[in-house]
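Subject: Handover of a structure and its findings

Dear colleague,

Please find below the structure that I am handing over to you. The findings follow directly after it, arranged by topic.

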Amino acid sequence: MLTKVKWNYFLDEMDRMYPNAHCELVHDNLFELTIATLLSAQCTDVLVNKVTKQLFQKYKTPQDYLNVPLEELQNDIRSIGLYRNKAKNIQLLCARLLNEYGGEVPASREELVTLPGVGRKTANVVLSVAFDIPALAVDTHVERVSKRLGLCRWKDSVLEVEETIMKKTPMERWSRAHHQIIFFGRYHCKSQNPGCATCPLLDDCREGQKRLKKGLVKV
């Protein structure tokens, strides 16, 4: 397992590689961010942004989503995986916002995770990006990178990964680190064909060293 010092050295390198890492879900306000993040589950940000470009022109408020039949909303997001369930959750979420929160997205994790379709990852994204509250969402990139680098065990759950990263990372760095790890995983340490040969972390990377010994990395 990585030491805190080594992990923060890794984060420093990611910071140098991706100093402008940010949330790539296109949105204009807190409500749109919540909907976009809900849609991004098991789906790429690129596809979500293609869908929300028209979706957010049609639907501006929670009430707008409730003014159409469920089938119409499903059709509007049909190209996104799990679109039926996501459409249902969007309408349930909007009804909940109107009935209990005056149409506004709440600003606490405890309240956010009670909203239909909003899990811990979505809640952490909303808290971090919209409210500037230190949080660390674990998506597929964060999980993969943390395990490849040896910070977490391969068998660790998503929650265990989140807790380990938060424990080893200064709180004031959580939100920035979240985006930088995502960029590192999305554009460099990819699921297939990771960029080990040009990686500044190769000498200390558990997975990279294994690939190097197998002759999969040419340096």
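I begin with helix α9, whose buried residues pack against α1, α10, α11 (174-187) and α12 (206-213). Please note that the model is a predicted one. The residues of α9 that count as buried are H141, V142, R144, V145, S146, K147 and R148. Since 7 of the 9 residues of this helix are buried, α9 is largely enclosed by the rest of the structure.

**The chain as a whole**

The chain contains 12 helices and 0 strands. Read from the N terminus, its elements run α-α-α-α-α-α-α-α-α-α-α-α. The radius of gyration is 19 Å, close to the 17 Å given by the globule rule for 219 residues, so the chain is as compact as a globular protein of that length. Along the principal axes, the C-alpha atoms fill a box of roughly 60 × 30 × 30 Å. Of the 219 residues, 49% count as buried. Among the contacts with a separation of 6 or more, 59% are made by residues 24 or more positions apart.

**Helix α10 and two of its partners**

How do α9 and α10 cross, and at what angle? The axes of α9 (residues 140-148) and α10 (residues 158-168) come within 10 Å and cross at roughly 65°. Angles of 65 to 115 degrees count as roughly perpendicular, and α9 is therefore roughly perpendicular to α10. The crossing of these two helices is left-handed. On the α9 side the contact is made by V142, E143, S146 and K147, and on the α10 side by V158, V161 and I165. Sorted by class, this contact of α9 with α10 has 4 nonpolar, 1 polar and 2 charged residues. Of the α9 residues in this contact, V142, S146 and K147 also appear in the list of buried residues of that helix.

Helix α1 (residues 4-17) also packs with α10, at an angle of about 95° and with the axes 9 Å apart. This angle makes α1 roughly perpendicular to α10. The contact involves K4, W7 and N8 of α1, together with I165, K167 and K168 of α10. By class, the residues of the contact of α1 with α10 divide into 2 nonpolar, 1 polar and 3 charged. I165 of α10 takes part in the contact with α9 and in the contact with α1.

**Two buried residues in helices**

Is T37 buried or exposed? T37, which has its place in helix α2 (residues 30-39), has a relative accessible area of 1%. Buried means under 20% relative accessible area, so T37 is buried. Leaving aside neighbours within four places in sequence, T37 is in contact with L25, T122 and V125. The C-alpha atoms of T37 and H27, which are 10 residues apart along the chain, are separated by 9.9 Å.

A87 lies in helix α6 (residues 83-100). At 0% relative accessibility, A87 also counts as buried. Which residues does A87 touch, if those up to four places away in sequence are not counted? They are L70, L73, Q74 and I77. For A87 and I77, 10 residues apart along the chain, the separation of the C-alpha atoms is 7.5 Å.

**Two loop residues with positive phi**

Q42 is found in the loop between α2 and α3 (45-58). Its phi is near 55°, a positive value in a residue other than glycine. With a relative accessible area of 74%, Q42 is exposed.

L82 has its place in the loop between α5 (70-76) and α6. The phi of L82 is near 60°, which is again a positive value in a residue other than glycine. At 49% relative accessibility, L82 counts as partly exposed.

**Summary**

To recapitulate, the predicted model holds 12 helices and 0 strands. Helix α9 is largely enclosed by the rest of the structure, and both α9 and α1 are roughly perpendicular to α10. T37 and A87 are buried, whereas Q42 is exposed and L82 is partly exposed.

With kind regards

Key
Residues numbered from 1 in each chain as written. Predicted model: local features only at pLDDT ≥ 70, side-chain atom pairs only at ≥ 80, totals over all residues. Heavy atoms only, no water. Axes fitted to C-alpha atoms, helices over the stretch in contact; angles between N-to-C directions. Helix = DSSP H or I, 4+ residues; strand = E, 2+ residues; numbered from the N terminus. Parallel < 35°, antiparallel > 145°, perpendicular 65-115°, else oblique. Left-handed = near helix turned anticlockwise from the far one by under 90°. Contact = heavy atoms within 4.5 Å. Nonpolar A, V, L, I, M, F, W, Y, C, P; charged D, E, K, R; others polar. Rg over C-alpha atoms; globule rule 2.2 N^0.38 Å. Buried < 20%, exposed > 50% of the residue type's maximum accessible area, 1.4 Å probe, protein only.
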